[in-house]
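Please open the structure in your viewer and keep the selection tool at hand. We will go from stop to stop together.

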Amino acid sequence: MTTRPLQFLRRGQPVALGNVPPDRTLLEVLREDLGCTGTKEGCGEGDCGACTVVLGEPDGHGKLRYSAVNSCIRLAHSIDGMALWTAEDLAEDPLIQPVATSTQPADQTTHHSALHPAQEAMVQCHGSQCGFCTPGFVMSLFGMYQNRVCKGQSISRAQAQQDLSGNLCRCTGYRPILDAAQQMAQLPPMAVNEADLLQKLELLALTPQAPEANLAYIAPATQAELLAVRAAHPQAQVVAGATDVGPWVSKQHRQLAQVLDVTRAAELRRIDDTPEHIAIGAAVTLTEVFARLTAQWPSLAEFAHRFAGLPVRNSGTLGGNVANGSPIGDSMPLLIALRAQVVLASQARGERALPLEALYTGYRQNVMAPDELLVRIVVSKPASSEQLKAYKISKRFDDDISAVCLVLNLDIADGTVQRASIGAGGVAATPVRAQQTEAALQGQPWTEATVQQAMRVLQAEFSPISDMRASGDYRRTVLGNLLQRFWLESQGGGAPASIAQLQATHLEDVL
Ligand SMILES: Cc1cc2nc3c(=O)[nH]c(=O)nc-3n(C[C@H](O)[C@H](O)[C@H](O)COP(=O)(O)OP(=O)(O)OC[C@H]3O[C@@H](n4cnc5c(N)ncnc54)[C@H](O)[C@@H]3O)c2cc1C
Ligand code: FES
Ligand code: FES
């Protein structure tokens with residue numbers, strides 16, 4: 001089986017590469033095929049950010065969407081038709097140009113440094129020592145520059161910390177790098193010429209392509225085509241953002257003979273709002289999903305930015321998290337608490353919907369047939385009396401996998417729990433609903449005595465295993481404590497310091 005030529009834009013010019021295997025990573029293409037060794041490989045599994053590059057694609061509203069992603073776990077073919085920037089491109093791209101300002105007229109702009117403000121700020125703030133992490137930081141800063149500074153937003157310390165949580169530095173320390181993130185907005189501005197770039201991307205899309213049916217990398221543009229290919233090639237590896245699949249390739253050296261990429265199917269990329277529901281396409285990125293969910297449930301803000309780091313959320317999808325079905329995945333406890341339905345589809349039988357928790361049959365096993373795909377996830381909008389809290393307990397605050405995740409969604413009216421909906425992760429072989437605890441709360445007065453009783457039920461409801469993340473005893477204890485925390489927070493005033501507050505205090509000590 002062959003692949004189509006891989007085409008993308010770099011420095012404003014089309015790049016076309018033939019015979020790129022379906023499981024070749026973007027980092028391999030950059031370093032080994034194109035000799036662009038400025039982009040580094042650290043961990044090779046999405047954890048350190050040394051390999052970060054930025055992708056640009058039309059956002060559907062006449063602008064570009066910029067995403068910093070980990071090239072080490074991103075499949076190369078997934079960037080077909082996009083613009084790509086590495087740290088080596090910023091000062092070389094003719095489409096990145098100085099912007100005339102009121103204090104800096106256009107005819108003086110040639111006096112600006114050739115470095116992009118993301119690079120210049122790192123120099124001025126001494127944000128680099130050995131330099132290994134620097135190309136990755138610069139690209140995360142470039143993504144932040146395009147998404148925030150160019151849109152007139154200022155960058156707070158907290159924002160910089162969140163956007164850089166997927167990049168690790170072992171020598172410089174984070175203070176100078178965070179300084180650089182804030183400093184870049186003060187430097188003479190530069191902008192991507194989006195009109196030119198969008199035109200070039202349109203031209204690239206017009207290149208005649210071979211039919212996809214028997215290729216080794218297939219990325220259908222509609223749900224109907226996707227399901228037809230799924231039926232014809234049930235053995236093909238289904239891939240969305242590849243943040244789970246990528247490490248199977250880069251670390252476990254698994255070979256993928258044929259890949260079915262779900263991220264180009266328009267229906268799977270959409271979020272549809274109705275007065276009652278939010279329907280999220282399976283291939284919507286976690287960044288977009290959390291932006292929408294946080295707009296609806298502001299209490300999710302901390303939980304949202306603690307799901308991996310930004311480059312992983314920019315590639316990873318909600319459907320990938322749900323379909324992967326890890327018992328320590330973070331979105332499933334949330335979706336269970338939100339009483340989400342998952343919609344599966346096949347060409348032969350059409351669509352069927354089921355509660356998310358009914359998807360799983362065992363450790364990373366689910367009810368999906370070989371010709372089926374997960375196409376969307378539907379959550380109901382909340383009643384005004386519902387209180388939602390999502391707690392993630394992990395060893396590291398940023399960019400870590402949960403030891404325990406508990407999400408509580410309680411409808412409390414007239415001092416009584418009208419309805420309780422509770423999702424838990426890290427306590428069983430699959431993500432689970434805490435049905436017994438829900439029953440212990442429902443219809444009861446919202447009092448400390450009820451909570452104490454429900455804590456005992458919750459601690460007995462599951463038999464979590466002990467592993468490198470936590471012991472079973474710890475997990476059980478934490479479950480109960482999180483319910484108590486929810487109670488304290490619902491009472492106002494008596495709540496313990498949030499993890500974010502503790503972290504901020506700790507960071508100030510370290511810095
Ligand atoms: C550094 C790092 C940190 C991470 N941190 C977290 C974290 O904090 N919390 C967390 O929950 N996860 C975390 N993950 C895991 C991962 O990012 C998520 O599970 C992500 O949502 C996977 O989505 P994806 O689109 O990348 O899936 P992929 O890797 O593309 O696919 C995952 C699985 O789902 C299947 N699949 C994908 N889409 C569909 C579909 N539409 N229909 C049927 N099957 C499908 C694939 O065949 C595959 O088996 C982390 C990963 C990395 C690398
Ligand atoms: S090399 Fe570490 S995230 Fe890619
Ligand atoms: S400067 Fe050495 S790892 Fe960051």
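Here is a short tour of the ligand site and one strand beside it.

This is a predicted model, in which local features need pLDDT of at least 70, side-chain atom pairs count only at pLDDT 80 or more, and totals for chains, interfaces and linings use all residues. Residues are numbered from 1 along each chain as its sequence is written, chains are lettered from A and ligands numbered from 1 in the order in which they are written, and side-chain values use heavy atoms, with hydrogens and water left out.

**Stop 1: the ligand.** Select ligand 1 and the 35 residues that surround it (a heavy atom within 4 Å). Val238, Ala240, Thr243, Asp244 and Thr317 are the closest.

**Stop 2: polar contacts** (pairs of N or O atoms within 3.5 Å). Backbone N or O atoms of valine 245 and aspartate 330 lie 2.8 Å and 2.7 Å, respectively, from an oxygen atom of ligand 1. Next, pick lysine 392: a polar side-chain atom there is 2.8 Å from a ligand 1 oxygen.

**Stop 3: the helix that gives most.** Colour α12 (318-324), a DSSP run of H or I with at least four residues. With four residues, α12 gives the most to the shell around ligand 1.

**Stop 4: a strand of the shell.** Now select β17 (373-380), which supplies at least two shell residues; strands are DSSP runs of E, at least two residues long. Six of the eight residues in β17 are buried (under 20% relative accessible area, 1.4 Å probe, protein chains only).

**Stop 5: its partners.** β17 pairs (at least two DSSP bridges) in the antiparallel sense with β12 (277-281) over five bridges; find histidine 277 facing its bridge partner, serine 380. β13 (341-346) also pairs antiparallel with β17 over five bridges, and there arginine 376 is the bridge partner of valine 343.

Key: Polar contact = N/O pair within 3.5 Å; in protein donor to acceptor, adjacent residues only side chain to side chain. Buried < 20%, exposed > 50% of the residue type's maximum accessible area, 1.4 Å probe, protein only.
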